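Morning, everyone. Please have the sequence and the model open in front of you. I'll take you through a few places, one at a time.

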Amino acid sequence: MRRMKLRKQVTVCGGAIFCVAVFSLYLMLDRVQHDPARRQSGGNFPRSQISVLQNRIEQLEQLLEENHQIISHIKDSVMELTDTGAVSPSGHLPFRSANGSWVLPFDGRPTFLAVKPQDCQFAVGNRDQPDVQMLDVYSLLKFDNPDGGVWKQGFDITYEPNEWDNEPLQVFVVPHSHNDPGWVKTFDKYFTDQTQHILNNMVVKLAEDPRRKFIWSEISFFSKWWETADVHKQEAMRKLILGGQLEIVTGGWVMTDEANAHYFAMIDQLIEGHQWLESNLGITPRSGWAVDPFGHSATMPYLLKRANLTSMLIQRIHYSIKKHFASTRNLEFMWRQAWDMGSNTDMFCHMMPFYSYDVPHTCGPDPKICCQFDFKRLPGGRINCPWKVPPKTIVEANVAERAQLLLDQYRKKSKLYRSKVLLVPLGDDFRYDKALEWDQQYINYQKLFDYMNSHPEMHVQAQFGTLTDYFNAVYKTNGVAQGSRPAGYPVLSGDFFAYADREDHYWTGYFTSRPFYKSMDRIIESHLRGAEILYSLAVANARHAGMEGRYPVSDYSLLVDARRSVGLFQHHDAITGTAKENVVIDYGTKLLRSLIGLKRVIINAAHFLVMKNKEFYRFYQTEPFLETVMANFIYKKQTDLRICLYLVMFNPVERERLCAVTVLVNTVRVRVLTEDGQTLPVQLSAQWSSASQMSAEATFMVRLPPLALAVFHLYDSPDSPMTLRSDTLLRLSGRGVAARAVDPLPVRSQQADSQTFYISSQSLTIKRKDDPQEVKVQMQFMVYGTRPSKDKSGAYLFLPDGKAKPYHQKEPPVVRVVEGPLFSEVVAHYQHFQQTIRIYNVPGVDGLSIDITTMVDIRDQTNKELAIRLVTDIQSGEVFYTDLNGFQMQPRRHYLKLPLQANFYPMPSQAYIQDGNYRLTLHTAQALGVSSLESGQLEVIMDRRLMQDDNRGLGQGLKDNKKTANRFRLLLERRSASNKMTDSATTSFPSVLSHMTNAMLNHEVLALPVLPKRRGIPPLQTFAPLKSILPCDLHLVNLRSIQSQQDPQSPSPYTALILHRLALDCGFEAQNLGFNCTTTQGQLSVSALFKNLDLQLLQPMSLTLMHSGTPLANNTTITLDPMEISAFKLKLR
């Protein structure tokens, strides 16, 4: 819990002053000359600037070289890579045509888009209106903050004394201890100092009296305790759980952040916790408990529902919304997904009404009174009551008066709810770590309960309870089954961002805080998913070939380690960027260790799977067969092409993709061949490793089957007509600017329909030849400061000093222009960032959006936040759309009645604005904060450097910034003439192209060079696992080997297949995606999916595999509804 601290702080701000210099450079993209009848095929390109991960975190601290150094060195070392521009007389492709466009040799494989009309209905279908729609609540509320009396942010609660005469009040006091797996201490330090003592005391103290109850949530801590506990302690704990005295709530690895976390990782940490509980305790959680995430996402109730939980609780919600819900008695509701056509997704949800989950704010509306019933604060202890009235030990002489005082609070709180059952949490951060506190709380409360229960005129039944005890009592008094909607309870749709706990203190800063780690998290998630899939396929193929004994099945422990590191990082003080600096380093080290392990899993699986003759397969722990690097950094030490090099490319996406892959080479004489000997077009360009050092970079176009490991050959050969040099033009300030600045430089792009992009260093125009309208997109860099007095921005809070000011620097940026047959790019170097805009001349998904990378370094700034703002003439009004957890889109509205910072929302994977003609989507490879402050704008906060704590308990500012690559894709889509605007006010869905663009951005191709062997390299062949094309609205979330019940560090014969059916908005002009895209109304034959493997079990499961359905016949066709996430247990061999 973040405590209220009021400190007077006076800070003198010296802001840097920049002057304006406008520098623009126009590039025109012509259409590539090609025959429109030959439909082209497409895909994606590799992830950039990931080399940062290869270095240890400490090495990232090296400062960027300044701009003037860059300029002085470049003059001497520009490698003039030019192209003659002549038409190829020999008829070789590629060649440059007379008008300067490139003609490329593509395989003329036809591609088709066959989306069934039924699969488009979901986006436009009618839905019943819920009783409470959060968008309506936002437009209704004033968001004022009047003084509510003892309940500061609420109102006075009154009741009639006889209200409980017929039906007494049932009170459930639920003791709990909120254990952060890392915040101001590291996970391990918390465990050693506090958590182990809490669990050790629990075993003893709960056993002393069967009426005592407790709840526990974080399995990361619980499992660590279990591993160190002796058999007697384990047995005692198991007995307490089975006997109902201790309840495991939610049961995830952590209590996940809900703003920045991606649904892949949210599911994965939930599975990790639930699988641990199932194999060690044989229990299945029933109720969700989320008291500390800073705002709540609608994705969470859906995931909990799919995991078969029946009820959930949430706490950190804007105080105005809490007050509104309390006054309408809507604090308990059925939370329904906005896209649900029926009521299948309904989840019973309890919202806590007051400021905090600590004891002063949980017994009732008056914290001064409730604090007197937190018996850890008895005089003589370390903590006391800030309201100056201490608790009193309960004795015969005062029990009547004390019980009456407490009951008055209980009754008042109960008036905010619809039933006569009351939930009273009793706990706080890391509570119950000393035996004394167990006694103080349980003994004093038991005396109060005994008194209340033995006085029938009080009309109350009070006891300790678990969370599920409370929910069951609510269902029982309402006469409904667990998880069902009680009569008269409202249905709600929407989410609970942004959160403010008091005044205008909006917790919107953490949507961006520590973007380096938010980015790293997603890279490791992509590696984890890739490793899970390849490992499952490799083990299944080894079993099929009877070679299980020769495969390094023990790699499973590396997967477990990575699942747990990624799971830990989803904690609401980790991915949020709100932990102390040394804790952040601890998370980073754990993630980095996992990344190294995952690369090993991938290499070992790839080694086995690409062997042409599996008999030659030998696994040597000490001698890896392949190396792994992100695709665009093949070798730091450069690929030596004097010998032929095998290169294995892994495509982690379940679609075929055509992509430009970039590798570093030590010669400009490169030839790239496919497995069957076809030469591929290669574009050579300069790789600027530093200001003065340049090596060669080879970009070539590859076609990769879905989820495949494809084999290529690279070798050194005399100039091949398929290898072309890029033109590189460098613009230094004041030198040579006039010479060619005005000429439109031809940059070629091939598109399914002729589009022209004009790029200047800070704005681009997206224009279609057949369209008189053009969409100008201007990119502005903006800077926010923080408030001059009292409360300032910190890790959690965004408290800007007014509107953003334009970023200025004295010198114009150094601009580098590279153009060539496969891609063209403009790179602008500014003092605090480097902006790269790249366009791919690739048919399909890659060529249809613009690749933007912004390398940000603000380590010399104080109290500044750097934002990128896209300005267009799209008539979006005050409406914009952001995603929740990469799972669903949520419409947002910009409100002038709210302060600027309240209009920011999380953007884990995308945001868009639209009007009747266009939709402009910004896809992102890392979670950042986003807003639309004016019609036609989107604005993203890229990094924030803040010098002070924001009084929420962290005790530090944000000063550990790193040089961070923010990666985006900008996609413009035009609505088809027949379909001007279909979105309802409450739902919106991406197009199929948008879904694919996001998948390609988030799951880069991995390049695995085969290391030269003394014994030579055995024959290799491409491994393409899919027998049939996956419908293009089905996403393979994971293919996860399930752990063995005997040894959790090794796999069972079973695999979990997790699928998500995407919902599509079909109202846009169809583009050539570059691969065959068909839909099947959600139907899939699993037995026909994988090549060379037999399906021996197909069993529907709950999302976290704890509840199983009846096994289906192996040849069954399964069906998913749009938006549905489903899990199946497979046995493949």
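Let's start with Thr964, which sits in strand β42, residues 964-974. A reminder before we go on: this is a predicted model.

Is Thr964 buried or exposed? Its relative accessibility is 2%. The cut-off for buried is under 20%, so Thr964 counts as buried. What does its side chain reach? The backbone oxygen of Lys962, at 3.0 Å. Now set aside the neighbours within four places in sequence. Thr964 is then in contact with Pro515, Phe516, Thr854, Met855 and Val856.

Next, the cavities. The largest cavity has a volume of about 480 Å³. How many residues line the largest cavity? There are 33. Look for His262, Tyr263, Gly886, Asn998 and His1035, because I want you to find the centre: of the lining residues, these five lie nearest to that point.

Which elements build that wall? Five of them supply at least two lining residues each: α8 (263-280), α15 (515-544), β36 (888-893), α19 (992-1002) and β44 (1034-1043). The largest share comes from α19, with 6 residues. By class, the lining of the largest cavity splits into 13 nonpolar, 14 polar and 6 charged residues.

Stay with β36 for a moment. Of its 6 residues, 5 are buried, so β36 is largely enclosed by the rest of the structure. Its partner is β35, residues 879-884. The two strands run antiparallel, and 6 bridges join them. To find the pairing on screen, take Val879: opposite stands Arg893 in β36. Together β35 and β36 make a hairpin, with 3 residues between them. In that turn, Asn885 has a positive phi of about 60°.

Now the second largest cavity. Its volume is about 110 Å³. The lining has 18 residues, and nearest the centre are Thr250, Met255, Trp289, Ala290 and Met300. Three elements each supply at least two lining residues here: β9 (287-290), α9 (299-306) and β10 (311-314). The class count for this lining is 11 nonpolar, 6 polar and 1 charged.

Two of those elements, β9 and β10, lead us to a sheet. This sheet is open and has 6 strands, in the order β5-β15-β11-β12-β10-β9, with mixed pairing. Which strands are at the edges? β5 (132-133) and β9, each of which pairs on one side only. At the β5 end, 2 bridges join β5 to β15, residues 491-493, and these strands run parallel. One pair to click on: Gln133 has Ser493 in β15 as its bridge partner.

Last stop, helix α10, residues 319-327. This helix is mostly covered, with 7 of its 9 residues buried. Which ones? Tyr319, Ser320, Ile321, Lys322, His324, Phe325 and Ala326. Note that Lys322 is on that list. And what covers them? The cover includes several strands of the sheet we just walked through: β5, β11 (332-335), β12 (347-351) and β15. Helix α4 (134-140) is also part of the cover. Just after α10 comes Arg329, with a positive phi of about 55°.

To recap, we began at buried Thr964 in β42. We then went through a cavity of about 480 Å³ and another of about 110 Å³. We finished at α10, where 7 of 9 residues are buried. Thanks, and over to you.

Methods:
Residues numbered from 1 in each chain as written. Predicted model: local features only at pLDDT ≥ 70, side-chain atom pairs only at ≥ 80, totals over all residues. Heavy atoms only, no water. 1 Å grid on protein atoms, 1.4 Å probe; cavity = no way out; pocket = protein on both sides within 12 Å on 5 of 7 lines; lining within 4 Å. Points joined across faces, edges and corners; volume = space filled by probe spheres on them. Helix = DSSP H or I, 4+ residues; strand = E, 2+ residues; numbered from the N terminus. Nonpolar A, V, L, I, M, F, W, Y, C, P; charged D, E, K, R; others polar. Buried < 20%, exposed > 50% of the residue type's maximum accessible area, 1.4 Å probe, protein only. Pairing = 2+ DSSP bridges. Polar contact = N/O pair within 3.5 Å; in protein donor to acceptor, adjacent residues only side chain to side chain. Contact = heavy atoms within 4.5 Å.
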